[in-house]
Amino acid sequence: MFLLIFASCSEEKDENELTENEVETEIPGTWYSLEEAQLLASENNKKVMVYAEAVWCPYCKQMKNEVFTVEEVQEITEEYFYPVKVDIESEDSLSFRGSKMTEIEFSQGMRITGTPTFIFFDEEGEIIAAQPGFIPEDIYKQILRFVGTNAYQTQTFDEFAENDSTSSIPGK
């Protein structure tokens, strides 16, 4: 498993935390229910990417506004994954590996303690990796390609990043 260390949002919510510059954005692209994503992944040999968020989390809003809106991020996501959004505080129901539970219960079962958190599953529903915290666009694209292309099976993330010809990160 690979892990990058970035700050995650684990503070208590403040109802008045949105400023003028922090406009809540819906996530562009097609997002699936967890049950539908698992089914499609197994049928189409793709992976599932779960994005766990909380409505009060400023880093989640930053991901929505600065990273998920980038066209290339959307293209890479669509190529390799069926993305799923989970609210770690929601009582909404979902189905995971045939079991019904709330999004809160799923989040607790996945040991999500901060938001945002990304969890990648293979087409069989097995966890590949998890990554907490805000992830800048360039690194997020690399993570998507690293997991999506199965490079994680043969090399470390650092090795992949060093050889990733699509990277625009200096020295990578």
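Here are four short exercises on the predicted model shown above, each with a worked solution.

**Exercise 1. Getting oriented**

Work out how many helices and strands the chain has, and in which order its elements run.

*Solution.* Start with the count: the chain holds 6 helices and 6 strands. Next, walk along from the N terminus, where the order reads α-β-α-α-β-β-β-α-β-β-α-α. Then turn to burial: the chain has 172 residues, of which 47% count as buried. Finally, look at the contacts with a separation of 6 or more: 68% of them are between residues 24 or more positions apart.

**Exercise 2. The surroundings of helix α1**

Find which residues of helix α1 (residues 34–44) are buried, and name the elements they pack against.

*Solution.* Go through the helix and pick out the buried positions, which are L34, A37, Q38, L40 and A41. Now look at what lies against these buried residues: three strands, β1 (47–53), β2 (81–87) and β3 (93–96), together with helix α4. To finish, step just past the end of α1 to N45, where phi is positive, at about 55 degrees.

**Exercise 3. One serine in helix α4**

Decide whether S107 is buried or exposed, and describe its contacts.

*Solution.* First, place the residue: S107 sits in helix α4, which spans residues 103–109. Second, check its accessibility: the relative value for S107 is 3%, and since the cut-off for buried is under 20%, S107 counts as buried. Third, follow the side chain of S107, which reaches the backbone oxygen of E103 at 2.8 Å. Fourth, leave out residues up to four places away in sequence, and the residues that S107 touches are V86, I88 and I112.

**Exercise 4. How α3 and α5 pack**

Describe the packing of helix α3 (residues 71–80) and helix α5 (residues 137–148).

*Solution.* Two quantities are needed, because a packed pair of helices is described by the angle and the distance between the axes. Here the axes of α3 and α5 come within 10 Å and cross at roughly 15 degrees. Angles under 35 degrees count as roughly parallel, so α3 and α5 are roughly parallel to each other. As for handedness, the crossing of α3 and α5 is left-handed.

Now list the residues that meet. From α3 come E72, V73, I76, T77 and Y80, and from α5 come E137, Y140, K141, L144, R145 and G148. Sorting the residues of this contact by type gives 5 nonpolar, 2 polar and 4 charged.

How values were computed
Residues are numbered from 1 along each chain as its sequence is written. This is a predicted model: local features need pLDDT of at least 70, side-chain atom pairs count only at pLDDT 80 or more; totals for chains, interfaces and linings use all residues. Side-chain values use heavy atoms; hydrogens and water are left out. Axes are lines fitted to C-alpha atoms, for helices over the stretch in contact, and angles run from 0 to 180 degrees between N-to-C directions. Helices (H or I, at least four residues) and strands (E, at least two) are DSSP runs, numbered from the N terminus. Angles under 35 degrees count as roughly parallel, over 145 as roughly antiparallel, 65 to 115 as roughly perpendicular and the rest as oblique. A crossing is left-handed if the near helix is turned anticlockwise from the far one by less than a right angle, and right-handed if clockwise. Contact means heavy atoms within 4.5 Å. Ala, Val, Leu, Ile, Met, Phe, Trp, Tyr, Cys and Pro count as nonpolar, Asp, Glu, Lys and Arg as charged, and the others, Gly among them, as polar. Buried means under 20% relative accessible area, exposed over 50%, partly exposed in between (1.4 Å probe, protein chains only). A polar contact is a pair of N or O atoms within 3.5 Å; within protein, one must be able to donate a hydrogen and the other to accept it, and residues adjacent in sequence count only if both atoms are side-chain atoms.
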